[in-house]
Structure formats: C-alpha cells, structure tokens
Amino acid sequence: MDPEALKKYSALHPKPAGLTLQYGTAGFRTKAEQLDHVMFRMGLLAVLRSRAVVSTVGVMVTASHNPEEDNGVKLVDPLGEMLHPTWEEYATQLANAEEQELQKIITEICQKAAVNQQKDASVFIGRDTRPSSKKLSQSVIDGISVLGGQYHDYGLVTTPQLHYLVCCQNTQEQYGKATLEGYYEKLSKAFTELIKQSPSSGESQRHLKIDCANGIGALKLSEMEPYFPKEVLIHLYNDGTKEKLNHLCGADFVKVHQKPPRGLDMKPNERCCSFDGDADRIVYYYKDATGHFHLIDGDKIATLISIFLKELLAKVGQTLKMAVVQTAYANGSSTRYLEETLKVPVHCVKTGVKHLHHKAQEFDVGVYFEANGHGTVLFSKAAEAKIRQLAKEEKDDEKRKAAKVLENMIDVINQTIGDAVSDMLVIEAILALKGLTVQQWDAIYADLPSRLLKVQVADRRVIDTADAERRAVTPPGLQERIDVLVKKYNLSRAFVRPSGTEDVVRIYAEADTQENADALAHEVSLAVYHLARGKGAPPQP
C-alpha cells in the first residue's frame with residue numbers, strides 16, 4: 001500500500017465534517033452529495049474484502065426505493081450474498097474515519113481479518129439510473145485503483161444482476177455465465193421450457209403490465225424482451241423517460257399506499273406488477289369489476305410458490321424438507337394458511353433480508369419473502385443435485401416430468417437475492433401452469449386488515465425485543481400493556497420494534513376488521529408514547 005497515493009486520493013474525496021453513517025441491511029444510504037468519500041472508501045474496503053476471501057466481490061451503487069436525490073452503496077460477497085456482519089462493522093469504521101486515520105484503520109482491518117496485501121483483488125461494479133450514480137461509481141473505482149485492485153465496471157445493472165454476476169464468477173460459471181447475456185439466456189430458457197408445459201401453451205397471449213418505478217428495471221426488461229417466448233407480452237410503464245425515479249410509483253409506493261402507481265391505467269381484472277427502483281422487489285395487483293384495488297404482496301407470492309413447489313415435490317416422491325421463512329410483518333392469514341391448510345412449516349425471523357436468507361439455507365427448499373415483495377427460493381446443494389439427477393435418469397414418466405419442472409424452476413430463480421425480474425418469471429410460469437387468474441390467486445386466502453404506524457421517540461434504543469421482534473422486553477410494562485390491548489379484539493396481534501435507521505418505533509397491528517386494526521394500532525402507539533418517552537404531541541387517532 002502506497003501511503004502517499006492514499007493520502008493524495010483521499011484528499012480528492014474529503015469527508016464532510018461531523019457526518020457519521022452506519023452500514024445497515026441496505027448498506028449506506030443518504031443524500032447523494034454526502035456520499036463521495038464513502039464511495040471512495042468502499043472501493044478500498046472491496047479490495048481488502050476480495051483479498052481476504054481470495055475471490056471477486058461486488059460493489060453496487062444504488063439507494064433502491066429511496067427518492068432520486070438519495071444514493072447508497074452495498075457490498076456483495078463471493079456467492080452473491082450480502083456482506084458478512086463483521087465486515088459491516090469495518091465498513092462503518094472506514095466510512096466514519098477522519099482522513100488522517102485512514103491508513104491506520106486499513107492496517108487494523110488487514111490484521112484483524114488476516115488480509116494478505118500481496119494477493120490479487122477483483123471487484124465487479126454496478127450502478128442504478130440515478131443522476132448521481134455514474135460519478136459516485138467513479139469514486140469507487142478510485143478507491144479500488146489506489147490499493148491496486150482489478151475491477152470490471154458493468155455500468156447500469158439491477159442489484160440482483162450484480163449479485164448474479166459475482167456468484168457466476170466465483171463458481172467458475174457453474175451458476176451461469178458472468179455476463180448480462182448469460183443472465184438473460186439462463187432465466188428466459190428455463191422460463192420458456194416451463195411455459196411450454198402450460199395447458200394453454202401457444203394459444204393465448206399472456207399480457208402483463210409492469211410499473212418499472214422509472215428505474216433500471218425498465219432498461220433491463222427492454223434488453224431481455226427479445227429472449228422471451230412470443231406468447232408473453234409485457235407492457236412497460238414508468239420507464240424513466242419522463243418522470244423521476246420512485247416518484248408516486250414503484251413497489252414500495254404501491255405497498256405502502258395500497259393504490260396503483262401513477263402513469264399506469266388499469267382495466268378491470270388485468271394483471272399488473274410493480275418493481276422497486278433497483279428491481280429487487282416486486283408486488284402484484286389488480287382492480288376488480290367494481291373498481292376496487294387488490295394488492296398481492298410478498299406473503300401471497302410466497303404462498304403461490306409454496307403451493308406449486310409442494311405439489312411438485314410430492315410428485316417427485318422425495319423426502320425433501322421444505323419450509324417458508326417470514327418476518328413478524330407477514331399477514332397472520334398467510335401464516336395460518338401455510339401451516340394449517342398447506343401443512344408447510346413456517347419460521348419467523350427478525351426483519352431484514354439477511355436473517356431470512358440465513359434461515360432459509362437450513363432447508364432442502366427454503367422459500368422466503370418479506371411482505372414488501374423482496375424474496376426468493378433457496379435449494380440446498382444436495383436437493384439441487386438430486387432434482388437434476390431425477391430429471392435426467394428417473395424411469396417413471398410422471399416423476400421425471402415433475403423433476404424437469406423443478407429443475408427449470410431452479411434455473412429461473414435467482415438464488416443469490418430477491419430479484420423482481422426472476423420472481424416475475426416464476427410467478428408468470430406458475431399462473432400459466434396452474435391455469436390461475438390473478439383473482440383466483442388472490443382468493444387463496446383473505447388478508448387480515450392491518451395498520452402500520454410509527455411513533456417518534458427520544459431514543460429508539462429504549463425498546464428491546466425478543467422472539468423474532470414479536471415481543472418487547474424493554475421498557476418494563478410495555479409488553480404487558482400490549483397483551484391487554486390485543487385481548488380486546490378478534491384475530492388480533494400487535495408488535496413494536498425500533499427502526500433500524502431513525503429514532504422512531506414502528507407499530508404493526510392486525511385484527512378482524514380495519515376499524516379494529518386501526519384502533520389497536522392507535523392504542524399501542526399511545527402505550528409506546530407514554531412508556532418509551534415519545535417526542536412531540538401524543539399520537540392522534
């Protein structure tokens with residue numbers, strides 16, 4: 001490491017005085033103009049991480065569903081997973097270090113993580129369509145270059161595409177070809193094979209309207225469209241040519257506001273879906289004949305996929321263990337349906353994709369989705385090998401056919417991370433193969449009415465939780481109060497948890513009617529306000 005070069009380059013990417021940032025589930029995220037030094041330093045960290053694991057790592061410049069003015073950065077580990085928690089701490093230390101401490105902190109990280117500075121380093125870089133992303137990814141490149149790392153800049157890609165590319169590179173392309181063409185070919189080939197099996201294959205065209213959140217999803221879907229079978233017709237809206245990224249559109253907007261995005265005209269019973277800004281989340285929705293809006297969120301996506309996979313696993317006749325992983329935000333009706341009707345084990349974990357992903361790895365087939373539409377399916381190495389073997393060698397026609405469908409499902413799914421493009425193809429294939437309309441899918445179970453609220457507090461750390469965030473341990477008396485309130489309503493539950501990013505406490509309540517869910521959420525928010533030192537005026541109903 002050349003201390004002079006580090007000093008010189010670091011001065012070109014100065015840290016604003018008094019700014020401290022925390023690397024969380026979403027990496028770093030804040031206003032774009034405050035991120036130049038962070039990007040440079042994440043270039044440095046990526047080189048150290050690559051040398052530590054002797055593999056290629058990724059750096060993605062994006063702020064996902066945040067407003068266009070924001071930006072952010074996430075590091076991608078060798079198999080396309082999120083950055084290791086120990087390294088999240090190193091990222092935070094490095095981002096917040098004063099200029100004169102940089103050299104020292106890099107040396108400390110190298111000692112703690114046994115980084116051999118002589119090793120080669122290789123970093124893949126990707127970015128979203130924000131106006132600030134190009135310049136910020138150049139700052140990442142500066143950081144990589146100072147420490148003598150090699151890089152490949154893929155330019156504009158969805159977040160899941162970068163995860164896929166990193167995974168392909170480090171599996172010697174066993175997972176797929178480490179190019180965008182490789183991604184398009186792998187997914188579309190498996191999807192085309194699946195669609196061929198559908199009852200109405202070749203007869204009717206399948207139309208889908210897609211809100212691309214004015215983001216990267218539109219660009220990449222346009223590139224991928226020529227690879228799709230001709231019976232699938234996608235119509236892109238909010239493609240980024242006219243409006244601002246994520247403004248009144250995208251998966252997050254639709255989920256939070258429970259209404260269609262701007263710029264997409266819905267006719268009754270048409271299938272529509274929304275991606276978020278970096279295309280790692282998806283939600284579906286439609287309007288019924290009376291004009292009423294129906295949202296199909298991550299819970300219902302997980303349920304559809306679970307029904308389909310369970311049927312196939314039964315046909316194949318293997319004792320493969322399947323489970324669904326949810327967070328406390330999953331609608332109670334979905335949990336009940338999965339456990340009681342479908343008889344699939346459900347596990348609840350703390351909020352945050354890394355917790356879901358980690359838990360899903362414990363099963364032969366692990367389906368995980370957050371209610372917000374971020375999720376995927378993981379197959380264990382042994383399960384995947386078994387399925388591929390059966391698809392090739394099984395003598396029984398029925399079993400072999402089912403194994404073949406499973407094999408194509410494995411190939412259309414992006415197992416590295418939730419991927420809106422991949423999840424969309426999975427859903428479209430299942431609906432076609434099962435001959436389901438969007439209304440029939442929606443009718444699998446009825447969601448319990450719910451309400452999300454937040455209460456501002458002086459310090460969010462006064463709330464501590466247990467049992468996958470479903471129970472409050474501190475402050476004293478809060479959980480007892482919630483228990484009393486919940487007893488007042490039918491089919492009800494409520495929980496509170498501190499936000500990961502700001503001094504607010506998030507409240508979730510559900511009950512048999514919307515009125516009761518709203519009342520319960522309000523009463524719980526008052527309890528939080530009084531027992532957890534709320535700020536400002538008490539919450540109003």
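## A salt bridge within helix α4

In this predicted model, E108 counts as partly exposed at 31% relative accessibility, and its side chain meets that of K104 in a salt bridge with an N to O distance of 3.6 Å. K104 is likewise classed as partly exposed, its relative accessible area being 48%. Both residues belong to helix α4 (residues 102–112), where K104 and E108 stand four residues apart and are therefore separated by about one helical turn.

## Salt bridges between separate elements

A search of the whole structure finds 36 salt bridges, among them one between D77 and R49, whose closest N and O atoms are 2.8 Å apart. This pair links distant parts of the chain, since D77 sits in the loop between β3 (70–76) and α3 (85–96) while R49 belongs to helix α2 (residues 36–53), with their positions 28 residues apart in the numbering. D77 counts as buried at 5% relative accessibility, and R49 is also buried, with a relative accessible area of 9%; the cut-off for this class is under 20% relative accessible area.

The side chains of E243 and R262 form another salt bridge, at 2.9 Å from N to O. E243 lies in the loop between β7 (232–237) and α9 (251–257), and R262 in the loop between α9 and β8 (272–275), so the pair ties together parts that are 19 residues apart in sequence. Here E243 counts as partly exposed at 39% relative accessibility, and R262 counts as partly exposed at 41%. Elsewhere, salt bridges that share partners join E384, R388, K404, E407 and D411 into one network.

## Packing of α10 against α15

Two packed helices are described by the angle between their axes and the distance between the axes. For helix α10 (residues 298–316) and helix α15 (residues 420–434), the axes come within 10 Å and cross at roughly 55 degrees. That angle makes α10 oblique to α15, because it falls outside the ranges for roughly parallel (under 35 degrees), roughly perpendicular (65 to 115) and roughly antiparallel (over 145). The crossing of the two helices, α10 and α15, is left-handed.

On the α10 side, the contact is made by I301, L304, I305, I307, F308 and E311, and these residues meet V426, I427, I430, L431, L433 and K434 of α15. Sorted by class, the contact of α10 with α15 has 10 nonpolar and two charged residues, with no polar residue taking part.

Conventions:
Residues are numbered from 1 along each chain as its sequence is written. This is a predicted model: local features need pLDDT of at least 70, side-chain atom pairs count only at pLDDT 80 or more; totals for chains, interfaces and linings use all residues. Side-chain values use heavy atoms; hydrogens and water are left out. Axes are lines fitted to C-alpha atoms, for helices over the stretch in contact, and angles run from 0 to 180 degrees between N-to-C directions. A crossing is left-handed if the near helix is turned anticlockwise from the far one by less than a right angle, and right-handed if clockwise. Contact means heavy atoms within 4.5 Å. Ala, Val, Leu, Ile, Met, Phe, Trp, Tyr, Cys and Pro count as nonpolar, Asp, Glu, Lys and Arg as charged, and the others, Gly among them, as polar. A salt bridge is a side-chain nitrogen of Lys or Arg within 4 Å of a carboxyl oxygen of Asp or Glu. Buried means under 20% relative accessible area, exposed over 50%, partly exposed in between (1.4 Å probe, protein chains only).
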